[in-house]
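Notebook open, coffee poured. I'm going through one chain today and jotting down what I look up.

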Amino acid sequence: LVSLRSETLTAVMIFLAVVFGPVALPVIVLVVTVVWGFAAKHAWRPIMLAAAMLAGVVISQIILAIVQRSRPPVDLMLFGADHTFSFPSGHVLGACDFLLVTTFLVFSRRENPTSAVFGFVGAGIGIVLAAVSRLYLGYHWFSDALASITLSFLILGAVIALDTWRTARIPGERITGELSKADTP
């Protein structure tokens with residue numbers, strides 16, 4: 001990626017790093033959670049999103065302290081020196097958690113599977129962009145980004161399991177593709 005660096009591409013990658021960073025992403029999550037919480041009939045899904053994001057931050061901080069992996073050389077970093085540990089990538093984990101969990105929670109109860117496919121394709125594109133930006137800017141090794149994506153899939157799995165468990169037990173909740181007893185005439 002170092003050989004692909006250009007002024008324009010660097011500006012795009014820095015923009016992505018800021019959006020998926022520790023200042024902007026929490027603000028985005030807060031706004032989405034609050035707006036969604038007020039707009040929805042139930043607070044369950046917005047709370048699940050917030051909990052998944054918080055779980056990702058906590059797990060990431062624990063792993064960072066245990067692994068203590070050094071970042072790539074400072075002279076490769078394009079947005080200021082960073083001497084903190086690099087494994088896993090918090091930017092990539094945050095982007096993955098937000099995009100995957102939000103996509104699942106928004107589309108899991110819809111009857112049109114095409115919208116879910118488009119939602120997850122969009123999430124995948126966002127995840128790739130977040131990972132590439134961290135590698136391009138010189139802050140992470142490939143395995144840092146890959147570990148974050150893998151960890152995010154585990155968090156998504158926990159969200160799916162918990163949401164499915166709850167959906168099966170709460171009257172009136174939609175189960176994908178069929179009606180619950182409360183919805184039948």
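**Entry 1: a serine to start with.** Which residues does S60 touch, not counting residues up to four places away in sequence? I looked and found P88, G90 and L93. A caution to myself before going on: this is a predicted model. S60 lies in helix α3. Its relative accessibility is 4%, and with the buried cut-off at under 20%, S60 therefore counts as buried.

**Entry 2: the overall layout.** I stepped back to the whole chain. I count 6 helices and 0 strands, so my element string from the N terminus reads α-α-α-α-α-α. The C-alpha atoms fill a box of roughly 65 × 35 × 25 Å along the principal axes. The chain has 185 residues, and 39% of them are buried.

I also checked how far apart in sequence the contacts reach. Taking contacts between residues at least 6 apart, I get 76% that join residues at least 24 apart.

**Entry 3: surface and charge.** The chain exposes about 10300 Å². Carbon and sulfur atoms supply 74% of that area. For charges I have 12 positive and 10 negative, and their mean positions sit 6 Å apart.

**Entry 4: salt bridges.** How many salt bridges does a search of the whole structure find? I got 1. The partners are D144 and R69, with their closest N and O atoms 2.9 Å apart. The pair links distant parts of the chain, 75 residues apart. D144 is in helix α6 (residues 142–169), while R69 is in the loop between α3 (44–67) and α4 (90–107). My reminder on the principle: side chains of opposite charge can pair when their charged atoms come close.

Is each partner buried or exposed? D144 is buried, at a relative accessible area of 0%. R69 comes out at 27%, which makes it partly exposed.

**Entry 5: the loop after α3.** I stayed in the loop that holds R69 and picked F85, which is found in the loop between α3 and α4. F85 has a relative accessible area of 35%, so I logged it as partly exposed. Leaving out residues up to four places away in sequence, F85 touches L64, Q68, R69 and R71. That list includes R69, the salt-bridge partner of D144. I checked one of the contacts by backbone distance: F85 and Q68 are 17 residues apart in sequence, yet 5.4 Å apart in space, C-alpha to C-alpha.

**Entry 6: a nonpolar patch.** Which residues make the nonpolar surface patch of about 480 Å²? I have L54, V58, I62, I66 and V67. I looked up V67 on its own: V67 is found in helix α3 and is partly exposed, with a relative accessible area of 39%. Patch members need over 30%, so V67 passes that cut-off at 39%.

**Entry 7: a second serine.** S152 is found in helix α6. Its relative accessible area is 1%, so S152 goes down as buried. What does S152 touch, not counting residues up to four places away in sequence? My list reads L93, C96, D97 and L100. L93 had come up before, as one of the residues touched by S60. So I have L93 noted beside S60 of helix α3 and beside S152 of helix α6.

Note on methods
Residues are numbered from 1 along each chain as its sequence is written. This is a predicted model: local features need pLDDT of at least 70, side-chain atom pairs count only at pLDDT 80 or more; totals for chains, interfaces and linings use all residues. Side-chain values use heavy atoms; hydrogens and water are left out. Helices (H or I, at least four residues) and strands (E, at least two) are DSSP runs, numbered from the N terminus. Buried means under 20% relative accessible area, exposed over 50%, partly exposed in between (1.4 Å probe, protein chains only). Contact means heavy atoms within 4.5 Å. Accessible areas come from the Shrake-Rupley method with a 1.4 Å probe; for residues, only the protein chains shown count as cover. Lys and Arg count as positive and Asp and Glu as negative; His and the chain ends are not counted. The place of a charge is taken as NZ of Lys, CZ of Arg, CG of Asp or CD of Glu. A salt bridge is a side-chain nitrogen of Lys or Arg within 4 Å of a carboxyl oxygen of Asp or Glu. Patches are made of residues with over 30% relative accessible area and no salt bridge: like charges are joined within 9 Å, nonpolar side chains (Val, Leu, Ile, Met, Phe, Trp, Tyr) within 5 Å.
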